[in-house]
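Here is a colleague's note for someone opening this entry for the first time. Please read it with the structure in view.

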Amino acid sequence: MSTESAQEFYGRWARLYDLIARRTPGIARLRRRAAAACRLEPGDTVVEMGCGTGANLPSLRERVGPEGTVIGIDFTGPVLERARAATAAFDNVHVVQGDATQPPVGGALEDEGPGVDGEIDAILATFVVGMLDDPAGAVDDWCDLVGPDGTVVLANAARSDEWYAPPVNAVFRAIVVLSTPPTTQLRYENEPHIRLDEKIDAAHARLRERSSAVADETHVFGVVRLTGGVLE
């Protein structure tokens, strides 16, 4: 799928994704846990890769306080409009259009926000790495951005390994198929939920290799995996 078609697809479904991101049972607790795993303190700088409609940004801002900086990066315009609206009351939350694999940080953010020339204390990526061509490589880049003592946190959905997994995974497969363009395709040479599992496994494994774990958990019937690590 090209970048342009991905932007069109996710832009068209921005309203539905926003509803899912905020109203799915258990999702609010998961987002709070992901923010806590970032180990943020007042005054810190945190970057969210693939911030979507901004569901995580208020929780991150609460942890860094008014003296900290929160930057959300996403590549889809209609999605970012919702993120900007959700954080309009905060002058230290900045939503920027960009690619999570080539994030506009470490220098000027053009006219959309402040440059991040100093230390990035944490990077959060929720439900993002499964959309990347090289998820492990992206994790390497994010680890390099935060540097020693910085924190990287990943939260992603994959098939459950719990004893009750079969019906849960059947629902999960249907959701993955419906959220993977083209949604009208019924048969795949390579099943999208299996490809998603492989990408998520690779990303989370790379983070474990690069860091000391501060979180390694499953949530929402074992479907959501949360991994957080401090860089050494």
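1. Burial and surface. In this predicted model, 50% of the 232 residues in the chain are buried. The chain exposes about 11700 Å². Carbon and sulfur atoms supply 50% of that exposed area.

2. Overall make-up. The chain holds eight helices and seven strands. Take the contacts in the chain with a separation of 6 or more: residues 24 or more positions apart account for 65% of them.

3. The largest nonpolar core. This core has 25 residues. Which of them touch the most other members? They are Val 47, Met 49, Ile 123, Trp 142, Val 152 and Leu 154. Six elements each supply at least two residues of this core: strands β1 (45-49), β2 (69-74), β4 (122-126) and β5 (151-157), together with helices α6 (135-146) and α8 (192-210). Helix α6 gives the most, with five residues.

4. Another core. Apart from the largest core lies one of 21 residues. Its members include Val 46, Val 93, Val 153 and Ala 215. Compare two neighbours in β1: Val 47 belongs to the largest core, whereas Val 46 belongs to this other one.

5. Strand β1, buried on both faces. Five of the five residues of β1 are buried. Thr 45, Val 47 and Met 49 lie on one side. Val 46 and Glu 48 lie on the other. In a regular strand, side chains alternate between the two faces of the sheet. In β1, both faces are covered.

6. The partners of β1. Which strands pair with β1? Strand β2 is one of them: it runs parallel to β1, and five bridges join the two. Strand β4 also runs parallel to β1, with three bridges between them. Val 46 has a bridge partner in each of these strands. In β2 the partner is Val 70; in β4 the partner is Ala 122.

7. Helix α4 and the crossover. β1, helix α4 (residues 57-64) and β2 form a β-α-β unit, and the unit is right-handed. The buried residues of α4 are Leu 57, Ser 59, Leu 60, Arg 61 and Val 64. What covers them? The cover includes α3 (27-37), β1, β2, β3 (93-97) and β4. Just after α4 comes Gly 65, with a positive phi of about 75°.

8. Ile 123. This member of the largest core deserves a look. Leaving aside residues up to four places away in sequence, Ile 123 touches Val 47, Met 49, Trp 142, Leu 145, Val 146, Thr 151, Val 152 and Val 153. Among these, Val 153 is a member of the other core, of 21 residues.

9. Val 152. This residue is found in strand β5. Is Val 152 buried or exposed? Val 152 counts as buried because its relative accessibility is 0%. With residues up to four places away in sequence left out, Val 152 touches Ile 123, Trp 142, Cys 143, Val 146, Leu 207, Thr 227, Gly 228, Gly 229 and Leu 231. Val 152 and Ala 37 are 115 residues apart in sequence, yet 8.7 Å apart in space, C-alpha to C-alpha.

10. Cysteines. How many disulfides are there? The count comes to zero, going by pairs of cysteine sulfur atoms within 2.5 Å. Cys 38 is buried, at 1% relative accessibility. Cys 143 is buried too, with a relative accessible area of 1%. Cys 143 is also one of the residues that Val 152 touches.

11. Positive phi outside glycine. Two loop residues should be checked by eye. Phe 127 is not a glycine, but has a positive phi of about 55°. Phe 127 lies in the loop between β4 and α6. Phe 127 counts as partly exposed because its relative accessibility is 31%. Asp 149 is not a glycine either, and has a positive phi of about 75°. Asp 149 sits in the loop between α6 and β5. Asp 149 is exposed, with a relative accessible area of 62%.

How values were computed: Residues are numbered from 1 along each chain as its sequence is written. This is a predicted model: local features need pLDDT of at least 70, side-chain atom pairs count only at pLDDT 80 or more; totals for chains, interfaces and linings use all residues. Side-chain values use heavy atoms; hydrogens and water are left out. A nonpolar core is a set of buried Ala, Val, Leu, Ile, Met, Phe, Trp, Tyr and Cys residues joined through side-chain atoms within 4.5 Å. Buried means under 20% relative accessible area, exposed over 50%, partly exposed in between (1.4 Å probe, protein chains only). Helices (H or I, at least four residues) and strands (E, at least two) are DSSP runs, numbered from the N terminus. Contact means heavy atoms within 4.5 Å. Accessible areas come from the Shrake-Rupley method with a 1.4 Å probe; for residues, only the protein chains shown count as cover. Two strands pair if DSSP finds at least two bridges between them. A crossover is right-handed if, with the strands pointing away from the viewer, the path from the first strand over the helix to the second runs clockwise.
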